[in-house]
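Trainee: Could we go through this model together? I'd like to ask about whatever catches the eye.

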Amino acid sequence: MGEKQTFTHSVIQSFKIKQVDLLRFITAGSVDDGKSTLIGRLLYDTKNILADQMEAIERASKSRNVGEIDLALLTDGLRSEREQGITIDVAYKYFQTPSRKFISIDAPGHIQYTRNMVTGASNADLAIILVDARHGVVEQTRRHSLIASMLGIPHVIVAINKMDLVGNSEDAFLEIAKSYQELAAKLSIKDLTIIPVSALNGDNIVDRSANMPWYTGETLLSVLETVNVLKDQNTEDGRFSVQYVIRPQTEELHDYRGYAGRVQSGTFKKGDLIKVLPSEQESKIAKIEFGGNEIEEASVLESVTILLEDDIDISRGDIIVSLNNSPIVSQDIEALVCWMDDKKTLKPGNKYVLQHGTARSRCSIRDIEYQIDINSYEKLDEVESLKLNDVARIVLRTAQPVAYDPYQKNRSNGAAILIDETSNVTVGACMIE
Amino acid sequence: MSISVKEVSDISEADARRKSPDYLDQLEAEAIYVMREVAGQFERPALLFSGGKDSITLVRLAQKAFAPGKIPFPLVHVDTGHNFIEAIHYRDELAAATGSKLIVRYVEDTIKAKGLKEQTGKNASRNWLQTFTLLDTIEEFEFDACIGGARRDEEKARAKERIFSFRDEFGQWDPKRQRPELWNLFNGRIHKGENVRVFPISNWTELDVWAYLKREKIALPSIYFAHERELILRDGHLLANTPVIEKDENDQIVTRQVRFRTVGDMTCTAAVESSAATLDEVIAEITVSRISERGETRIDDQQTEAAMEDRKKGGYF
Ligand SMILES: Nc1nc2c(ncn2[C@@H]2O[C@H](COP(=O)(O)OP(=O)(O)O)[C@@H](O)[C@H]2O)c(=O)[nH]1
Ligand SMILES: [Mg+2]
C-alpha cells in the first residue's frame, strides 16, 4: 500500500471485454397487484436468494400463517411496512444473470406515494407495470403509465399478473392488452411489451409457462436481459456540468485547473471546440483525464476531468457544451412538474431554488398553465395551486439563465428539481419542455 | 400470441461500434460523481473510514475523483478499541499514502466522558456506543456531510435509504420522511447542525466491491485472507480469541484456518473457515457461497428482525 497509487486506463479497458452491463428497472402497479412477489420470484428463479435470507422469510411466513413462503417478504423491509403489509418507500434489490446486472426499484402503489414512484422512475431504464388480470386496466395503471411516459422511461413492460386466477385465459389477456394499447396511444411510450404472467407460480417470469401454451412471446426476464439501453442514451449533444474544480496547487501542478464532472450526453475528446454556458466563453479541450491519467475521449455517463487550453473563469454550476451544438439558454422556463410537498402547496408567485445539473438558481413561479388529471389525462385549466402528487405544466422565471435541453430529447439536461428555501426539502420534480 | 410495439429503427452504426460500458465502470462513474457532489455542495465533509473493504473502496474512488489533487476531506475513524490490529495498521498506512488527514476518535473516551454504561457479559459489544462517538465527532468538527461505505444489498433498512441521507440535528434518520431523490440531482441543502450521510457505493453488491478491489489491484488487510488463528467457537460462530470478548464455559477455543468477510468490531464480527489466500480465491468462494455477508458474519443484526432500522433511526452509520 505504501507505493504510489496507479490506476491505468488499460486495466479498465481490459475489463470491458466481459461486457456485463447494468439495467435499472422499476416495478409499478396498485397495491396487491403482486410487485413484491414478482421481484421475489425473479430473485428466486434466477437463484439470487441466499440461504439465510430464505430461512428468514420462511420463519416470517410461518409466524404469520401465510401458508407457503411469501416471496414478497424479500422486499418489504421496514418495520412499518411489515406491520401494514404494504410497501411505503422505494426499495432497491440487486441481482444478476450471466448477461446483465439488475437494479430493481420496487415503488409503492398507493396514490399518496406517487412521489416515491416518481423518485424511482427518474433513474429507470425500464418500467414493469403490473395489472391484475381480474381487474384489467384501472386508475393506477393509467397513472403509473403516465408517470413512466412523462419521465421518459424508454421501455415499458406491462405484466398482466395473476393469470392463474382467470383460468390462464387468452381472451382475458387479449382484452386487457387491447385496452392498454388504447391507453398507451395517448402517451409517448417508445417500446412497449405486454406479457401474461403469474408471479406467484412463476409463469412467464423466468421460465415459459406450460399453463399458457398460447403465449409465444418472450418471458419477462428475457426482455429484461435483451432491451438495448445503449440506444436510449443521447450520444449527439455534448453536455458536461462542472461539479468541482480540481486545483492541486502543488509545486509540480502549479497551474493545473481541471474541471471535474460527468458527461451527461454526447462525447468529448481532445481538441474539441467548446463553449461554457451561461458565460458564452469559448475554448478548446486540451486534455481529458480519468483518475489522473490522460484518456482519448469521454462519453455519456463517464466521470472525467476536462482541461482547457485557455485560462478562463469556470466554476461549479457552469456547463461545458460542444461549440456548435448549444442548448437553450433562458431565464424563462416551461416545465411539467410533479409536486412533492405534503405540507405546502405550489402557487404562482412562490419562490424556490431550482437545481438543474450542478447549477442552482432562485426562481419564481409565474403561472400554472394547466394541471393534468393523472388518471384521465385531461387538462384542467384555471388551477390556483398544486398539492402533493399533482402534475401540472408551469411557467417559471429564474434569477440566472439556465442552459437546458427539452427533457424528452435529453433526460439528463432537461431535468430539474425545486427546493423549498426554508425547509430545504426537495418539493418538485421538473421536466423542462 | 405476443404483443409488442417496438420502435422501428436500426441501431445506428456509431452505436453498434460503441461498446456498452462494463457495469463496474458504470458503478465507479456513479460513485465518483457522488463524491464530487459532496465536495461541490458541502463545506466540511468527511469520509468515515473503518478499515473495512467498503471504506477502502471509498478511498480509492475518492482518489480517482480528485486526482491529481489530494482527497479534499479528512478520513475519520471511530475506533471502538476492539478493532483488529491489522486493520489499524492498514488505516495508518493508507492515510499516509494518500496524504489525507486522519482523525481518530475513541469510543473509550466517550464512555469515560459521558459515564456511559457498557454492555457486559459474553455478547457485549460497543457497536451501539459508536453512535455517540460519531455524533460527538460530527459536532466537534462541524462536519456537514459524512461519506460512508454502506451498501443497499447489505440489509433491508439500507435497501430503502437514499444516497444523500438527511439526518436531523440529533443525527436521526426518519425513514418515512426521506427527501425524494430524483435523477442524479442530489439535494444537500441543510440547516446548521444538520448533516447528510452520503453513500456513494449504495448500488454496489458485496461481489462488486471484491471485483473492484481486484480490478484496481488494491492490497487489503491480511485478515481478509485465509490464515490460521485461535478462535472462540460460540453458537456455531467463530470469533477472534481476544481479551475484549468475555468467555464462559460453553465457549470452545479452537484453531482454524479462517478469513474475515468484514473487519468491524472484533466482538461482533465472525470469521468463516476458508482456504482462500488470494482475491481470486475469495471471489470464487463468495460467488458460490449461499449465505449473505451480514447473515454470515454480523452477529448484531440477528437479534431482532428490525435491528438495523432501529439503530439507524438513532443515528448509526
Ligand atoms: N393467485 C395469485 N396471487 C398472486 C400473484 N402474484 C401475487 N399474488 C398475491 O397477491 C398478494 C399481493 O402481492 P404483493 O406482491 O404483496 O403485492 P404488491 O402490493 O404489489 O407488492 C399476495 O397475497 C400474493 O401472494 C399471482 O400471480 N397469482
Ligand atoms: Mg409490495
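Trainee: In which loop of chain B is B:P68 found?

Mentor: Keep in mind that this is a predicted model, where local features need pLDDT of at least 70, side-chain atom pairs count only at pLDDT 80 or more, and totals for chains, interfaces and linings use all residues. Residues are numbered from 1 along each chain as its sequence is written, chains are lettered from A and ligands numbered from 1 in the order written, and side-chain values use heavy atoms, leaving out hydrogens and water. Helices (H or I, at least four residues) and strands (E, at least two) are DSSP runs numbered from the N terminus. On that basis, B:P68 sits in the loop between α3 (53–66) and β3 (75–79) of chain B.

Trainee: Is the peptide bond from B:A67 to B:P68 cis or trans?

Mentor: Most peptide bonds are trans. For B:A67 to B:P68, though, omega is near 0 degrees, so to speak the signature to look for, and the bond is cis.

Trainee: What is the phi of A:Y377 near?

Mentor: A:Y377 lies in the loop between β18 and β19 (379–380) of chain A. Most residues other than glycine have a negative phi. A:Y377 has a positive one, near 65 degrees.

Trainee: Which helix gives the most to the shell around ligand 1?

Mentor: A residue is near a molecule if one of its heavy atoms lies within 4 Å of it, and 16 residues surround ligand 1 that way, with A:D32, A:K35, A:S36, A:T37 and A:D164 the closest. Three residues of the shell come from the top contributor, chain A's helix α2 (residues 35–45).

Trainee: How far is the polar side-chain atom of A:T37 from an oxygen atom of ligand 1?

Mentor: Polar contacts here are pairs of N or O atoms within 3.5 Å. A:S198 makes one through a side-chain N or O atom, 3.0 Å from a ligand 1 oxygen, and a polar backbone atom of A:L200 is 3.2 Å from an oxygen of ligand 1. For the side chain of A:T37 the distance is 2.5 Å.

Trainee: Why does the salt bridge of A:E369 and A:R393 tie together parts that are apart in sequence?

Mentor: A salt bridge is a side-chain nitrogen of Lys or Arg within 4 Å of a carboxyl oxygen of Asp or Glu, and A:E369 and A:R393 meet in one at 2.6 Å, N to O. A:E369 lies in strand β18 (residues 359–372) of chain A and A:R393 in strand β20 (residues 391–404) of chain A, so the parts it ties together are 24 residues apart in sequence.

Terms used:
A polar contact is a pair of N or O atoms within 3.5 Å; within protein, one must be able to donate a hydrogen and the other to accept it, and residues adjacent in sequence count only if both atoms are side-chain atoms.
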